[in-house]
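Work through the exercises below with the sequence and the model side by side. Try each task before reading its solution.

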Amino acid sequence: MPVITIAGNDGISVEKKREMVKKVSETVAEAYGLPVDAITVLVQAYPKESIGVAGELLSDR
């Protein structure tokens, strides 16, 4: 069954993660024609000092 990985910085709240996982799961389930319980979503959170954008760390911005 589909596994979706979402990677980003660690600034998102648990409530927002719940909302995001629900919406992503519903969207992917509809696209694949599967039940929502067949969808797995992995949320990877990285600290700002571990993410580089435009040649600099997010922690330095």
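Helices (H or I, at least four residues) and strands (E, at least two) are DSSP runs, numbered from the N terminus. The model is predicted, so local features need pLDDT of at least 70 and side-chain atom pairs pLDDT 80 or more, while totals for chains, interfaces and linings use all residues. Numbering starts from 1 along each chain as its sequence is written, and side-chain values use heavy atoms, without hydrogens or water.

**Exercise 1. Describe helix α1 and find its buried face.**

Step 1. Take the length. α1 has 19 residues. From first C-alpha to last it reaches 27 Å, close to the 27 Å expected at 1.5 Å a residue. The expected span is 1.5 Å times one less than the number of residues.

Step 2. Sort by accessibility. Buried means under 20% relative accessible area, exposed over 50%, and partly exposed in between (1.4 Å probe, protein chains only). The buried residues of α1 are Ser 25, Val 28 and Ala 29.

Step 3. Look down the axis. The buried residues of α1 fall within an arc of 100°, so they line one face of the helix. The arc is that of the directions from the helix axis to the C-beta atoms. On the other side of α1, Glu 15, Lys 23, Thr 27, Glu 30 and Ala 31 are exposed.

Step 4. Find the cover. It includes β1 (3–9) and β2 (40–46).

Step 5. Check what follows. After α1 comes Gly 33, with a positive phi near 70°.

**Exercise 2. Account for Ser 25 and the core.**

Step 1. Place Ser 25. It sits in helix α1 (residues 14–32). Its relative accessibility is 6%, so it counts as buried.

Step 2. Find a partner for its side chain. The side chain of Ser 25 reaches the backbone oxygen of Val 21 at 2.7 Å.

Step 3. List contacts (heavy atoms within 4.5 Å). Beyond neighbours within four places in sequence, Ser 25 touches Val 36, Ile 39 and Val 41.

Step 4. Turn to the largest nonpolar core. Such a core is a set of buried Ala, Val, Leu, Ile, Met, Phe, Trp, Tyr and Cys residues joined through side-chain atoms within 4.5 Å. Its five residues are Ile 4, Val 28, Ala 29, Ile 39 and Val 41.

Step 5. Follow Ile 4. Outside four places in sequence, its contacts are Val 24, Val 28, Ile 39, Thr 40, Val 41 and Leu 42.

**Exercise 3. Trace salt bridges.**

Step 1. Count. There are four salt bridges in the structure. Each is a side-chain nitrogen of Lys or Arg within 4 Å of a carboxyl oxygen of Asp or Glu.

Step 2. Start in α1. Lys 16 pairs with Glu 19, with the closest N and O atoms 3.7 Å apart. Both lie in α1, three residues apart, about one turn of the helix. Lys 23 also bridges to Glu 19, at 3.1 Å. These two are four residues apart in α1.

Step 3. Go outside the helix list above. Arg 61 and Glu 56 meet at 2.9 Å, N to O. Shared partners join Lys 16, Glu 19 and Lys 23 into one network.

**Exercise 4. Which residue has a positive phi although it is not a glycine?**

Step 1. Recall the rule. Most residues other than glycine have a negative phi.

Step 2. Name the exception. Ala 54 has a phi of about 55°.

Step 3. Place it. Ala 54 is in the loop between β3 (52–53) and β4 (56–57). Its relative accessible area is 72%, so Ala 54 is exposed.

Notes:
Polar contact = N/O pair within 3.5 Å; in protein donor to acceptor, adjacent residues only side chain to side chain.
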